[in-house]
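Here are my notes, jotted down while going through the model you sent. Have it open beside you as you read.

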Amino acid sequence: MNAPVTPVERIRGGDRRALARAITAVENATQEGAAIRAALAPYLGRAQVTGVTGPPGAGKSTLVNALVKELVARGRKVAVIAVDPSSPVSGGAVLGDRVRMAEMQGHEAVFIRSLAARGHLGGLSRTAAQVVELLDGAGFDDVLVETVGAGQSEVEIAKVAAHRLVVCPPGLGDDVQAIKAGILEIADAFVVNKADLPDATRTERELRAMLALRQNAAPEALPPVLKTVATTGDGVAALADWLAARALQHGRPAPAVPHTAPPASGPAALLARLIARDAYARHLGLELVEAGEGTATVSMRVRPEHINFWDSCHGGAIFSLADTALGLACNSYGSVAALIDSHMTFSVAVKAGERLTARAEEISRSRKLGVYRMEVRRDDGVLVASLTGTVYRTGKPLPNEASTGPAA
Amino acid sequence: MAERRPPKVIVTKIGFDGHDRGSRVVAAYLRDAGMEVVYTPPWQEIGAVVKLATEEDADVIGVSSLATDHLLVPKLMDALRAAGLEDVQVIVGGIVPPKDERLLLEAGVARVFHPGVALGEIAEAVRMLTRDRRSLLEGTL
């Protein structure tokens with residue numbers, strides 16, 4: 001038998017029970033847990049870690065459920081850590097957050113683990129950061145961390161998550177409440193959830209007014225205020241778009257200084273905006289990995305709906321991936337360029353569940369024409385397909401990008 | 001010395017019966033007894049309970065039954081074994097006629113509790129079964 005033997009091999013191979021038991025070992029600070037953490041170290045740093053915090057009843061769990069649904073629809077594997085308070089009297093806890101994630105907890109791309117805070121203050125459990133590492137090392141694309149209902153001092157999430165959402169329900173209190181220190185200061189974005197309630201607009205206005213009082217911050221660096229209705233999913237796609245754009249700018253590790261929104265200028269920001277507006281890219285679950293002038297890298301996890309009649313990824317899906325990388329690369333100068341000719345060679349077949357990454361590089365560029373080369377590879381580096389493409393450069397500015405610099 | 005976590009217990013109901021007062025009372029008692037309780041609403045599917053037990057690394061699953069849903073528990077036991085979770089201890093509480101109790105115990109259920117049982121007795125059983133499971137798993141990670 002060649003079954004994987006070490007815990008790390010089993011965890012990396014997708015064994016959920018091995019992962020769950022490793023989390024227990026880490027929670028209990030055992031030597032086994034420490035050994036597994038050490039062995040997973042080479043695999044860390046891939047997952048996007050997003051913290052979701054806010055007062056009790058803000059709708060954090062329901063928002064996490066809605067966000068998980070959106071991320072899974074984009075082809076991502078998602079892990080959730082839900083931290084609940086332990087009783088200071090008995091030490092016991094009812095771990096109920098995942099009850100509100102019932103819709104997604106049965107999905108095979110989703111792993112949810114409840115953690116009891118066990119008397120630890122700060123909004124998380126003592127070992128939550130280590131559990132995040134395990135889930136990152138296990139290969140999840142996203143790790144969402146939901147804190148206990150947080151007030152003004154439970155800010156530990158700032159050290160654990162690269163992207164921090166503070167959920168503010170409407171009608172919590174007067175505007176003085178919003179000026180107070182604490183969780184409001186660690187937000188990378190505010191989410192006014194339950195935005196269908198009458199007070200939502202007022203809450204949004206008060207948050208914006210509070211942010212405007214911040215010293216030493218350029219307007220574009222202020223955290224955005226997004227509105228969602230988690231129970232219906234309204235606004236959740238926009239939240240996921242914002243996260244994807246931010247992830248591109250601030251992958252990991254968690255930046256030491258919070259309050260940095262994605263920059264509004266430069267080719268990387270431009271391409272992040274373009275792919276976020278691209279309905280077809282969203283449909284296929286494409287993600288921008290890297291971007292610069294004349295180059296773009298886009299990845300995709302092969303999903304069941306990409307599979308053709310002989311159980312391999314459809315060539316059209318692979319072309320779509322490469323074509324999206326090309327489209328972003330050739331439009332990175334801010335003017336419209338369109339593909340007029342392309343040739344593609346396929347090297348190997350691809351199965352469902354594998355991640356493909358397409359990188360587009362510019363070979364030449366003149367006033368009217370650009371020539372690009374794309375390579376599509378699997379995670380293990382094997383070349384799946386290679387393409388060349390010629391684009392016609394119209395010289396017209398990109399629609400909805402009036403502020404972008406002059407066309408080169 | 002490593003910190004030992006409290007028992008982690010899933011309190012759930014499978015099947016179509018929605019009478020969840022009993023499971024709520026037991027969940028609250030086990031919490032107050034210092035345990036970490038994952039409580040689910042009624043109407044859980046067996047596959048969902050298995051996934052829950054896997055991800056939470058539960059020591060014990062408590063199934064509450066009023067209206068014959070305990071007859072689904074043998075299927076739950078099969079599903080747990082198929083998922084490699086034979087170490088997870090299962091207890092059943094509620095209206096269970098004597099002949100069904102035998103059926104459940106033969107299917108691998110650790111304990112069956114009937115109406116009128118002292119809550120402290122359930123908590124003590126959960127502690128004992130947790131110890132059993134953990135010594136069974138010692139060094140197998």
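How many bridges join strand β2 of chain A to β4(A), and do they run parallel or antiparallel?

1. To answer that: this is a predicted model, and in it β2 (residues 78–84) of chain A is joined to β4(A) by 7 bridges, the two strands running parallel. If you want a spot to click on, take A:A82, whose bridge partner in β4(A) is A:S114.

2. That pair belongs to an open sheet of 7 strands in chain A, with parallel pairing and the order β4-β2-β5-β1-β6-β7-β8. The edges are held by β4 (110–116) and β8 (225–227) of chain A; each has a single partner strand, so one side of each is left without a neighbour in the sheet. On average, neighbouring strands here are turned by 20° against each other, ignoring direction.

3. Next, look at what lies across this sheet. Helix α10 of chain A, residues 236–249, lies across β1 (48–53), β6 (163–168), β7 (189–192) and β8 of chain A. Against β6(A) the helix runs at about 155°.

4. I did a quick sanity check on the geometry of α10(A). With 14 residues at 1.5 Å a residue, the helix should span 20 Å, and its end C-alpha atoms are 20 Å apart, which agrees.

5. Is α10(A) mostly covered or mostly uncovered? Mostly covered, with 10 of its 14 residues buried. Among them are A:V236, A:L239, A:W242, A:L243 and A:L248, but A:D241 and A:R246 are buried as well. While you look at the helix, keep the usual periodicity in mind: an α-helix has 3.6 residues a turn, so residues three or four places apart point the same way.

6. Further along chain A there is antiparallel pairing to look at. Strand β14 (residues 383–397) of chain A pairs with β11 (residues 335–346) of chain A over 10 bridges, in the antiparallel sense. In this pairing A:A338 stands opposite A:Y392.

7. β14(A) is also joined to β13 (residues 369–378) of chain A, by 9 bridges and again antiparallel. Here A:V371 stands opposite A:T390. The hairpin of β13(A) and β14(A) has 4 residues between the strands, and A:G381 takes a positive phi near 90° in it.

8. Last, the scores. The model comes with ipTM 0.92 and pTM 0.71. For chain B the average pLDDT is 93, and 97% of the residues score at least 70.

Conventions: Residues numbered from 1 in each chain as written. Chains lettered and ligands numbered in written order. Predicted model: local features only at pLDDT ≥ 70, side-chain atom pairs only at ≥ 80, totals over all residues. Heavy atoms only, no water. Pairing = 2+ DSSP bridges. Axes fitted to C-alpha atoms, helices over the stretch in contact; angles between N-to-C directions. Contact = heavy atoms within 4.5 Å. Expected span 1.5 Å × (residues − 1). Buried < 20%, exposed > 50% of the residue type's maximum accessible area, 1.4 Å probe, protein only. pLDDT = per-residue confidence, 0-100.
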